[in-house]
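Reader: I'd like to go through this one with you and ask how each label is earned. Could you show me the structure before we start?

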Amino acid sequence: MYPLIITCLWMWYLIVKKAIDMYVYTRGWRPVQECINNAGKADFKCAVWQKNIMDGFIKEKTDSKDLNTEILDSIRTGQLTFVQQNIGLISLLATIAPLLGLLGTVSGMITTFSVIAEFGTGNAKALAGGISEALLTTQTGLVIAVPGLFICTFIARRATDLLQRMQRFCLMISQSTLINN
């Protein structure tokens, strides 16, 4: 049961941390044209990812349009790590929870068969302990896994949407006059 508890706590810690990180990272989103018009202004507020892309681009911008497009792609690619961070680990933890529950089931059945071997089938109270252990760990594993997989899918979808938004943002910057100035 302890591996299931540790898995559950670790998975929920990562889920809450990822939700807070994504909220902070995307809060204050602004339209692309507004970001372009206010590029380089210190008091302009926008989402963290937009600020990172705009600041990085203004800092490294060159006179070559092709090179500027590559710079934007490079900056956008640098954001991928943060956006996709821990999603795979959350998915892994949600996936292994039923397997740990199955391990508990096997352990409970071994206990049950040990009781049968020692006392026979006449002692129902002793048999119930092993069966209870088997069913409880299976149930716990499934209770951990089902919401974990749903939330992981939701987070992964949000991350994909954000990455597509970043790609469109960089594309619009590369097509704007900002890249030619």
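**Labels and their reasons**

Author: Gladly, and we can begin with Gln50: its relative accessibility is 0%, so Gln50 counts as buried. Please keep in mind that this is a predicted model.

Reader: What makes 0% relative accessibility enough for Gln50 to count as buried?

Author: Buried means under 20% relative accessible area. Gln50 has 0%, so it counts as buried. Gln50 is found in helix H3. Leaving aside residues up to four places away in sequence, Gln50 touches Gly28, Trp29, Arg30, Cys35 and Phe169.

Reader: Thanks! Which residue forms a salt bridge with Lys51, and how do you know that it is one?

Author: Asp55 does, with the closest N and O atoms 3.9 Å apart. The definition asks for a side-chain nitrogen of Lys or Arg within 4 Å of a carboxyl oxygen of Asp or Glu, so a Lys and an Asp at 3.9 Å qualify. Asp55 and Lys51 are separated by about one helical turn because they are four residues apart in helix H3. Asp55 has a relative accessible area of 38% and is partly exposed, and Lys51, at 26%, also counts as partly exposed.

Reader: How many salt bridges does a search of the whole structure find?

Author: The search finds four. One of them joins the side chains of Asp21 and Lys17, at 3.1 Å from N to O. With a cut-off of 4 Å, the 3.1 Å pair therefore counts as a salt bridge. Asp21 and Lys17 are four residues apart in helix H1, which means about one helical turn separates them. Lys17 is partly exposed, with a relative accessible area of 30%. In general, side chains of opposite charge can pair when their charged atoms come close.

Reader: Asp73 and Arg76 meet in a salt bridge as well. Why is Arg76 called buried or exposed?

Author: Arg76 has 16% relative accessibility; buried means under 20%, so Arg76 counts as buried. Asp73 has 35%, which lies between 20% and 50%, so Asp73 is called partly exposed. The N to O value for their salt bridge is 3.9 Å. Both residues lie in helix H4, three residues apart, about one turn of the helix.

Reader: Which residues of H4 are buried, and what makes you say that they line one face of the helix?

Author: They are Asn68, Ile71, Leu72, Ile75, Arg76, Gln79 and Val83. Seen down the axis of H4, these buried residues fall within an arc of 130°, so they line one face. They pack against H1, H3, H5 and H6. On the other side of H4, Asp66, Glu70 and Thr81 are exposed.

Reader: How does the reach of H4 compare with what is expected?

Author: H4 has 20 residues and reaches 29 Å from its first C-alpha to its last, close to the 28 Å expected at 1.5 Å a residue. Just after H4, Asn86 takes a positive phi of about 70°.

Reader: Last one: which residues make the nonpolar surface patch, and why can Leu136 be part of it?

Author: Met1, Tyr2, Ile5, Ile6, Leu9 and Leu136 make a patch of about 660 Å². Patch residues need over 30% relative accessible area, and Leu136 has 42%, so Leu136 passes that cut-off. Ile5 passes too, because its value is 40%. Helix H1 gives the most to the patch, with four residues, while Leu136 sits in helix H6.

Methods
Residues are numbered from 1 along each chain as its sequence is written. This is a predicted model: local features need pLDDT of at least 70, side-chain atom pairs count only at pLDDT 80 or more; totals for chains, interfaces and linings use all residues. Side-chain values use heavy atoms; hydrogens and water are left out. Patches are made of residues with over 30% relative accessible area and no salt bridge: like charges are joined within 9 Å, nonpolar side chains (Val, Leu, Ile, Met, Phe, Trp, Tyr) within 5 Å. Accessible areas come from the Shrake-Rupley method with a 1.4 Å probe; for residues, only the protein chains shown count as cover. Helices (H or I, at least four residues) and strands (E, at least two) are DSSP runs, numbered from the N terminus. Buried means under 20% relative accessible area, exposed over 50%, partly exposed in between (1.4 Å probe, protein chains only). The expected span of a helix is 1.5 Å times one less than its number of residues. The arc is that of the directions from the helix axis to the C-beta atoms. Contact means heavy atoms within 4.5 Å.
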